[in-house]
Amino acid sequence: MKKYVIQGGAKLHGDVVVSGSKNAALPILAATLLTDDDVILRNVPRLKDVTTMLALLAKLGKKVILEDERLIVQEDVGSRSVRHEATYDIVKQMRASIVVLGPLVARYRQAIVSLPGGCAFGPRPIDLHLKGLAALGVKIEMKHGDIHASARNLKGASIDLMGEFGSSVLGTDNVAMAAVLASGETVIENAAREPETIDLMEMLGKMGAKIEGAGTSTLRIHGVKKLHGCDWTVIPDRIEAGTFIAAAAVTGGRIRLKACRTDHLEAVLDVCREIGIGISEKAGVVTVTGKKPSAYKGFNLTTMPYPKFPTDLQSLFTVVGALSKGISSLREGIYPNRWSHVPELARMGAQIQVENETAILGECKGLDGASVQASDLRAGAALVVAGLAARGTTEVRRIYHVDRGYEELPEKLRALGAHITVESDTLV
Ligand code: EPZ
């Protein structure tokens with residue numbers, strides 16, 4: 001196994017190019033199952049979860065060619081694999097694999113997809129996915145940990161995807177990808193409005209799907225008989241951008257984020273301005289000017305579905321809050337148990353109390369480097385950012401969690417002046 005070794009204290013400075021969005025690329029890759037034409041994808045980030053999804057597509061009868069900076073996803077006519085079965089060995093590596101369910105049912109009228117497990121921050125239910133597919137006429141059976149889905153015909157329906165914690169991003173994606181090939185009209189109320197879902201809907205439109213309302217909470221889909229290939233460029237990753245904003249803020253550095261969609265970051269940039277982090281935007285470039293973290297004002301935020309503050313940046317802004325002056329509070333409106341970073345940050349000296357779904361942060365006299373362990377993707381990213389700000393050396397272990405969701409994170413941080421190396425971890 002590998003670990004990051006970070007010497008804290010360097011102020012980040014320079015330019016960083018934001019990669020393509022992991023959370024847009026994964027459903028977009030699943031959407032290639034909806035056609036046997038070639039699909040060309042650009043700006044797909046090179047990270048573990050994408051590699052896992054490509055392996056899954058290969059099992060489902062696709063061939064992927066990397067040409068220059070383009071991914072070409074083709075039908076593998078010679079493939080002898082069962083084209084509608086997503087087995088546990090892959091799904092267990094990445095619960096987002098569930099997003100092949102809708103396309104498989106749409107294309108083959110049947111699918112067997114292993115039930116995704118939970119993750120470090122609690123159960124990851126899929127009841128909304130299944131409710132939506134059932135409304136379209138899909139018969140769902142659970143057998144030995146697998147979802148067995150079948151449908152004689154897919155018929156448009158009115159579906160409400162509101163769950164206890166708001167809508168479901170991948171639930172909306174799954175149901176929409178089944179509805180595009182259903183007969184008649186489907187209306188999805190309380191659909192996800194995330195930029196990644198908009199990106200998927202717009203790509204489906206380019207493939208010939210008839211979808212209205214992308215980005216609103218009501219999607220109206222008129223089913224078509226067939227979809228064709230397309231050439232699509234994935235949007236930039238707003239969560240990676242937010243990660244670098246937090247890194248520049250806590251190190252008191254000054255960076256320029258390039259290829260950034262600032263319209264996807266409004267809630268995040270508003271919080272930055274409220275805290276006192278310098279933010280200026282011009283034509284897709286965000287300049288972040290940090291200061292001594294103890295000069296930042298304490299803040300209160302709640303994570304909510306888009307366009308509010310994203311849950312995926314909660315752990316990163318927990319680090320900012322831990323270093324800010326006064327009291328800060330962060331309430332998790334999406335995953336109430338998403339706190340695996342907190343005990344590790346406390347070991348570095350952060351003053352954090354978690355009460356139910358809220359973390360209360362007191363003042364601390366800076367952080368001290370320590371040996372810490374990542375338990376999930378964004379918790380691991382938060383520990384890296386904390387290490388950049390800490391006095392002395394921080395070792396972040398189990399970095400395979402971080403590699404799942406960031407393209408070349410150590411390399412990009414080193415290019416900004418961070419002292420971070422990747423070393424083998426004999427202890428784990
Ligand atoms: C997507 O996960 C993202 N992953 C997550 O990012 C992100 O945290 C999440 O959306 C919320 O924004 C990808 O896009 C690959 P949800 P998803 O269904 O779609 C509950 C990262 O770090 N729910 O929108 O699986 C659920 O428990 C990852 O990049 C149900 O109750 O999340 C949660 O509380 C982590 N029933 C809330 O809804 C369901 O059927 C939102 O979940 C589905 C979800």
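In the predicted model, strand S11 (residues 185-189) and strand S13 (residues 218-222) run antiparallel and are joined by five bridges. Within this pairing, isoleucine 188 stands opposite leucine 219 of S13. Strand S11 also pairs with strand S10 (residues 158-160), here in the parallel sense and over three bridges, and aspartate 160 has glutamate 189 in S11 as its bridge partner. Between S10 and S11 the chain passes through helix H6, forming a β-α-β crossover that is right-handed.

Helix H6 (169-179) also contributes to the surroundings of the ligand, being one of the elements that give two or more residues to the shell, together with helix H1 (22-31), helix H5 (127-135) and helix H12 (377-389). The shell draws at least three residues from each of domain 1 (2-19 + 236-424) and domain 2 (22-233), and its residues divide into 12 nonpolar, seven charged and five polar. Of the 24 residues around the ligand, those that come nearest are Asp127, Leu128, Ser168, Asp312 and Ile334.

Polar contacts to oxygen atoms of the ligand are made by both side-chain and backbone atoms of the protein. An N or O atom in the side chain of lysine 22 is 2.9 Å from a ligand oxygen atom, whereas for leucine 128 a polar backbone atom is found 2.7 Å from an oxygen atom of the ligand. At valine 169, a backbone N or O atom lies 2.8 Å from a ligand oxygen atom. Of the 820 Å² that the ligand exposes when taken alone, 91% is buried by the protein.

Note on methods. Residues numbered from 1 in each chain as written. Predicted model: local features only at pLDDT ≥ 70, side-chain atom pairs only at ≥ 80, totals over all residues. Heavy atoms only, no water. Near = heavy atom within 4 Å. Polar contact = N/O pair within 3.5 Å; in protein donor to acceptor, adjacent residues only side chain to side chain. Areas by Shrake-Rupley, 256 points an atom, 1.4 Å probe, with all protein chains shown as cover. Helix = DSSP H or I, 4+ residues; strand = E, 2+ residues; numbered from the N terminus. Nonpolar A, V, L, I, M, F, W, Y, C, P; charged D, E, K, R; others polar. Domains from an automatic or database assignment. Pairing = 2+ DSSP bridges. Right-handed = clockwise from strand over helix to strand, strands pointing away.
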